[in-house]
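Here's a quick briefing to read alongside the model. Have the structure open and follow along.

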Amino acid sequence: MRGGGELIEIRFHARGGQGAVTAARLLAQAAFMEGKHSTAIPFFGAERRGAPVVSFCRVSDEPIKISSAVCEPDFVVVFDARLINADVIKGLKKDGTVIINSQVKVNGFISVDASGIARSLGLVRDNIPMVNTAMLGALARFEIVSLKSVKSAIKETFDERNAIAAEQVYREIIL
Amino acid sequence: MKLIATGNEAVAYAVLDASPDFIAAYPITPQTTIVEALAKFKESGKLKATYIPVESEHSALSACIGAGSMGKRTFTATSSQGLLYMAEMLHWASNARLPIVMANVNRALAPGWNLWADLSDSLSQRDAGWLQLYVSTVQEAYDTILMAYRISEDPNVLLPVMVNLEGFVLSHSAQPLETLEGCYLEPLDLPHRLDTGTPHTLGNVASPNDYFKLRRDAENAARKSAKVTRKAEKELFELTGRAYRPVMEYRCDDADVIIAAMGVFAREAEAACDILRDKGVKVGVARVRQFRPFPEFDFDGRLIVIDRDYSYGCGGILAQEIRARTGKPVYSVIAGLGGQDMTYKDFVKIVIESREEGERWWGID
């Protein structure tokens, strides 16, 4: 079904300019490095900086046939806690996981202070912490891909600090 | 080289590997990242082609016609309004028998202003004399651009080829890609190229009698292209192990119901097909990859045709073609216009709610 094998569907929620499209692509890249099949799908609307945006990633052991939007995610990754509303958790699978970038703990969600980590490493643009690479560390923690692959994928495009950010988020999450 | 790439990046890699002499292009969303990638290849010295960023799509194709008339291998890319702006020169390119390859990133036509996937742009140009191919994956976009050169430049064809991929959902989605790295194409040898050594003209006045014969020659070439395309598919299969056919069949052999579609919807329909098969419904998917010339289309099951396009007052364009080809009733579904998303669940529902014949605008009717 849906291309066969175990299919993991991830939906990113962010604001325009936070790099959600890049995050989906880096995750697809990391999965690809492990010999898995993966696709990254941007949802392009009338984007402008700061407006809510989504992007999608699918990872599977089998070729992936579907290219429609992810409506029933296994993982939802939220780059800005202020984006949390009904749309964010819409369609989340029963045993699905929501990972949010937040300094304060939010009940029922996995919270990580990716902004704090990004700031401490100087990953800031226009005074906004760039958390897209850091948040990939959280997905590695849930073994969608290994931390090693995430770091390699990140380092193909970004500097070492981004890989460190991913590792710090990975270590911050205690399961 | 194995990598993760978008549909547009795959097109750019294929053009690089086809080693063209000349590229002219004008940016338009969602095609722009193709010409940006080619410009980067040019800047880095990887791409040897002369690259002219022109002031319009009409000029882009005109410049390719100029270089093509000199026997040069050319490439251009466009989308939507840009393709329509080229319309005059589309006919010129095919009637001058120039083997130009173009990528068209399918996008809806205005108004309302819409940047998303819709096949109405290229299908509105179906009678322009170009061979039209439609792809459904990033890998297929790469492979098909290379095959397009092979088909287009064959001495039995010498017609331009348009390779179509849907905007954003394919052009900007990243998937695994394997490239060949290097050109397997033979050098282009255009028999009627302009040559100062043996002066002759191209596009001079033609009397009705001559004009009529020229059109017959082009028609014969378009018909012969089907055989050349089979040869190009075989060659690519031997090089890569990847098999393409004019109609890609998925679980069609014993199917009672055939879903016919083009582009990404056909792949999504395959996922629906698997679900329905598990429930005992014998469904198959026939993905039409080659639209011009329209291929053999012969299936036993009843037909559901998905169109991401429309001809006002006349119906879905693929449905019309299939009706004309098979003489069979068709259940025509109009879906996904202007980039409307369609999931595999929609395709399951389409099959369950389908009838023998009729038309339905999915999500509206």
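What follows covers the overall fold, then one pair of helices. Keep in mind that this is a predicted model. Chain A has six helices and eight strands, and its radius of gyration of 15 Å is close to the 16 Å from the globule rule for 175 residues, so chain A is as compact as a globular protein of that length.

**Overall fold**
- Going along the sequence, the elements of chain A run β-α-β-β-β-α-β-β-α-β-β-α-α-α.
- Measure out a box along the principal axes, and the C-alpha atoms of chain A fill roughly 45 × 35 × 35 Å.
- Of the 175 residues in chain A, 54% are buried.
- Take the contacts in chain A between residues at least 6 apart in sequence: 62% of them link residues at least 24 apart.

**How H5 and H6 cross**
- A packed helix pair is described by the angle and the distance between the two axes.
- Helix H5 (residues 147–157) and helix H6 (residues 160–172), both of chain A, have axes that come within 8 Å and cross at roughly 155°.
- Angles over 145 degrees count as roughly antiparallel, so that's how H5(A) runs relative to H6(A).
- As for handedness, H5(A) and H6(A) make a right-handed crossing.

**What meets between them**
- H5(A) brings A:Leu147, A:Val150, A:Lys151, A:Ile154 and A:Lys155 to the contact.
- On the H6(A) side, they meet A:Glu160, A:Asn162, A:Ala163, A:Ala166, A:Glu167, A:Tyr170 and A:Arg171.
- Sorted by type, the residues in this H5(A)–H6(A) contact are six nonpolar, five charged and one polar.

Terms used. Residues are numbered from 1 along each chain as its sequence is written. Chains are lettered from A and ligands numbered from 1 in the order in which they are written. This is a predicted model: local features need pLDDT of at least 70, side-chain atom pairs count only at pLDDT 80 or more; totals for chains, interfaces and linings use all residues. Side-chain values use heavy atoms; hydrogens and water are left out. Axes are lines fitted to C-alpha atoms, for helices over the stretch in contact, and angles run from 0 to 180 degrees between N-to-C directions. Helices (H or I, at least four residues) and strands (E, at least two) are DSSP runs, numbered from the N terminus. Angles under 35 degrees count as roughly parallel, over 145 as roughly antiparallel, 65 to 115 as roughly perpendicular and the rest as oblique. A crossing is left-handed if the near helix is turned anticlockwise from the far one by less than a right angle, and right-handed if clockwise. Contact means heavy atoms within 4.5 Å. Ala, Val, Leu, Ile, Met, Phe, Trp, Tyr, Cys and Pro count as nonpolar, Asp, Glu, Lys and Arg as charged, and the others, Gly among them, as polar. The radius of gyration is taken over C-alpha atoms; the globule rule is 2.2 Å times the number of residues to the power 0.38. Buried means under 20% relative accessible area, exposed over 50%, partly exposed in between (1.4 Å probe, protein chains only).
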